[in-house]
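Please look through the model below with two topics in mind: rings and their neighbours inside the protein, and the contacts made with the RNA.

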Amino acid sequence: MHDIKFIRENPEAFDAAMQRRGKQPQSSSLLQMDSERREVQTELQTLQAERNEASKKIGEIKKAGGDAQEAMDAVAALKEKMGELEERERTIANSLNQHLAGLPNIMADDVPDGADEDENVEVHKWGEPKGDKTPEHYEIGEALGMMDAETAAKMSGSRFTLLSGGLARLERALGMFFLDMHTQEHGYTEVSPPLMIKDDAMFGTGQLPKFADDQFRTTRDDWLLPTSEVPLTNIVSGEIVDEDYLPRRYTAFTPCFRQEAGAAGKDTRGMIRQHQFYKVELVSVTAPEESEAEHERMLGCAEAVLKKLELPFRTVVLCSGDTGFGARKTFDIEVWLPGQGRYREISSCSNCWDFQARRMNARTRPKGEKQTRFVHTLNGSGVAVGRALIAVIENYYDPADGGIFIPEVLKPYMGGIEKITKEQAQSEAA
RNA sequence: GGACAGAUGGCAGAGUGGUUGAAUGCACCGGUCUUGAAAACCGGCAAGGGUUUAUAGCCCUUCCAGGGUUCGAAUCCCUGUCUGUCCGCCA
């Protein structure tokens with residue numbers, strides 16, 4: 001959500017910022033609504049002042065036992081005009097707010113210009129991709145008998161997968177491992193949030209009103225969370241957080257639900273793009289001047305888990321055309337998938353600045369000061385569990401027998417086994 | 001799902017139609033006292049908006065939200081949301 005005052009004072013800067021988002025200049029129409037609103041407001045307030053004054057007098061006359069009829073008639077005459085102005089003010093204000101709520105965040109100056117993901121700029125690279133092409137994860141999983149899209153489709157339709165045996169456990173192991181890293185080594189507080197979310201909270205993080213089509217809705221008009229960014233960030237909605245308690249760092253391991261409405265035909269095979277997937281999310285709430293450093297820190301936390309898994313990755317800063325609605329700046333981490341022979345997104349870390357905080361009215365008050373200010377919010381995947389599973393399957397694939405080696409750090413979570421194999425699946429089935 | 005109760009400033013909590021934007025306590029800020037601190041005492045302390053060179057003044061709005069009654073609403077009426085308690089059902 002944008003601050004109309006900022007737009008009033010910096011109309012050119014605002015238009016330039018929207019232009020980077022591929023939007024027409026907005027300020028003149030916004031400011032016209034704004035000045036019209038203020039005009040109506042001033043007029044209305046003059047009448048309200050008159051009414052208040054007269055009402056006070058009526059009270060005094062009545063108290064003294066006099067006849068206030070004349071004064072009462074005078075006030076009654078004001079009412080019609082006031083009702084009209086109130087109605088106009090409400091209409092203009094609603095329209096202004098709707099426009100403001102639909103505009104994306106202003107991007108940071110160091111976000112590179114670019115049209116789409118091809119123009120993202122690499123900032124880190126870690127690990128050496130193995131040259132050998134492997135089968136894709138779903139080929140490996142199906143061959144093992146532990147990844148079954150058909151059975152999932154039977155009960156749930158397309159874009160669902162049923163995992164079993166070693167792969168089901170591997171998914172769980174990844175989630176546990178990420179959570180333990182972030183809580184024990186990175187200082188995040190583990191949260192187990194609700195998965196059904198109300199309109200207001202979805203508005204707060206920016207999924208509404210523009211992206212309703214990407215979400216699932218329940219029969220009681222809740223939304224299924226598309227990411228635990230929503231509940232984790234909304235922890236501070238409507239709050240005034242003591243600045244001594246910042247930064248706050250939350251993490252959660254939850255399913256995420258997405259329609260993938262705009263992705264028809266993309267990644268239709270396998271687990272890359274599903275209606276339901278697990279993700280470990282990181283959310284930070286910081287004082288305004290801390291958020292840029294926190295953004296780098298958060299990125300480091302996400303990269304750390306991939307390093308521990310020894311999965312090659314590269315990190316890019318998203319260009320202007322690829323940066324999401326609520327973000328001021330976003331890093332994506334892309335993990336190497338030997339089955340596809342390319343890097344694929346596994347984490348997205350965004351600094352939202354005060355954009356979400358304004359929408360959800362999340363503030364902080366420096367100690368001893370009267371004035372509150374909006375917090376900054378950040379979110380990042382730490383990392384997407386479903387895609388991490390794919391990466392492990394392909395990067396730890398053993399072409400000799402079609403099995404999957406267990407990464408060292410996951411062994412404690414896998415009952416100490418070294419490898420997932422087909423024999424294992426069969427013996428478990430037997 | 002049924003019944004009842006409630007929603008007031010950072011927090012707790014008064015306030016049932018007329019100088020109530022709101023008692024009181026806590027927290028916070030300034031001061032007196034003190035070597036310093038604590039205690040005690042004195043004073044201050046809501047937010048948003050309009051107007052404005054102004055963080056001065058003046059004005060408006062806000063006691064969950066939206067509508068209504070009234071010259072006038074925190075206070076009365078209706079609708080909605082949320083919270084709590086009890087009952088039912090239930091992992």
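In this predicted model, arginine 328 lies over the face of tryptophan 353, at a distance of 3.7 Å from the ring centre. A second arrangement of this kind involves arginine 359, whose charged end sits over the ring of phenylalanine 203, 4.4 Å from its centre.

Rings also pair with one another, and the count of aromatic pairs comes to seven. Among them, phenylalanine 253 and tyrosine 278 have ring centres 5.2 Å apart and planes at 35°, and the pair is classed as tilted because that angle falls neither under 30 degrees nor over 60. The pair links distant parts of the chain, with phenylalanine 253 in strand 9 (residues 248-257) and tyrosine 278 in strand 10 (residues 276-286), 25 residues apart. Phenylalanine 253 counts as partly exposed at 24% relative accessibility, and tyrosine 278 is likewise partly exposed, with a relative accessible area of 28%.

The pair of phenylalanine 325 and phenylalanine 355 is edge-to-face, with 5.6 Å from centre to centre and 80° between the planes. Here too distant parts of the chain are linked, since phenylalanine 325 belongs to the loop between strand 11 (313-317) and strand 12 (329-337) while phenylalanine 355 is in helix 11 (residues 355-360), 30 residues apart. Phenylalanine 325 is buried at 12% relative accessibility, and phenylalanine 355 is buried with a relative accessible area of 1%. Elsewhere, ring pairs join Phe177, Phe178 and Tyr413 into a cluster.

Turning to the nucleic acid, RNA strand B is surrounded by 23 residues, of which Gln41, Thr42, Gln48, Arg51 and Val75 are the closest. Of the RNA atoms within 4 Å of the protein, 74% belong to sugar or phosphate, and the rest belong to bases. Polar contacts with base nitrogens of RNA strand B include those in the table.

| Residue | Protein atom | Distance to a base nitrogen of RNA strand B |
|---|---|---|
| Glutamine 45 | polar side-chain atom | 3.2 Å |
| Serine 55 | backbone N or O atom | 3.0 Å |
| Lysine 62 | side-chain N or O atom | 3.4 Å |

The elements that give two or more residues to the surface near RNA strand B are helix 1 (4-9), helix 3 (27-63) and helix 4 (69-101), and the largest share, twelve residues, comes from helix 3. By class, this surface has ten charged, eight polar and five nonpolar residues.

Key: Residues numbered from 1 in each chain as written. Chains lettered and ligands numbered in written order. Predicted model: local features only at pLDDT ≥ 70, side-chain atom pairs only at ≥ 80, totals over all residues. Heavy atoms only, no water. Near = heavy atom within 4 Å. Polar contact = N/O pair within 3.5 Å; in protein donor to acceptor, adjacent residues only side chain to side chain. Helix = DSSP H or I, 4+ residues; strand = E, 2+ residues; numbered from the N terminus. Nonpolar A, V, L, I, M, F, W, Y, C, P; charged D, E, K, R; others polar. Phe/Tyr/Trp six-rings, centres within 6.5 Å; stacked < 30°, edge-to-face > 60°. Buried < 20%, exposed > 50% of the residue type's maximum accessible area, 1.4 Å probe, protein only. Lys NZ or Arg CZ within 6 Å of the ring centre and 35° of its normal.
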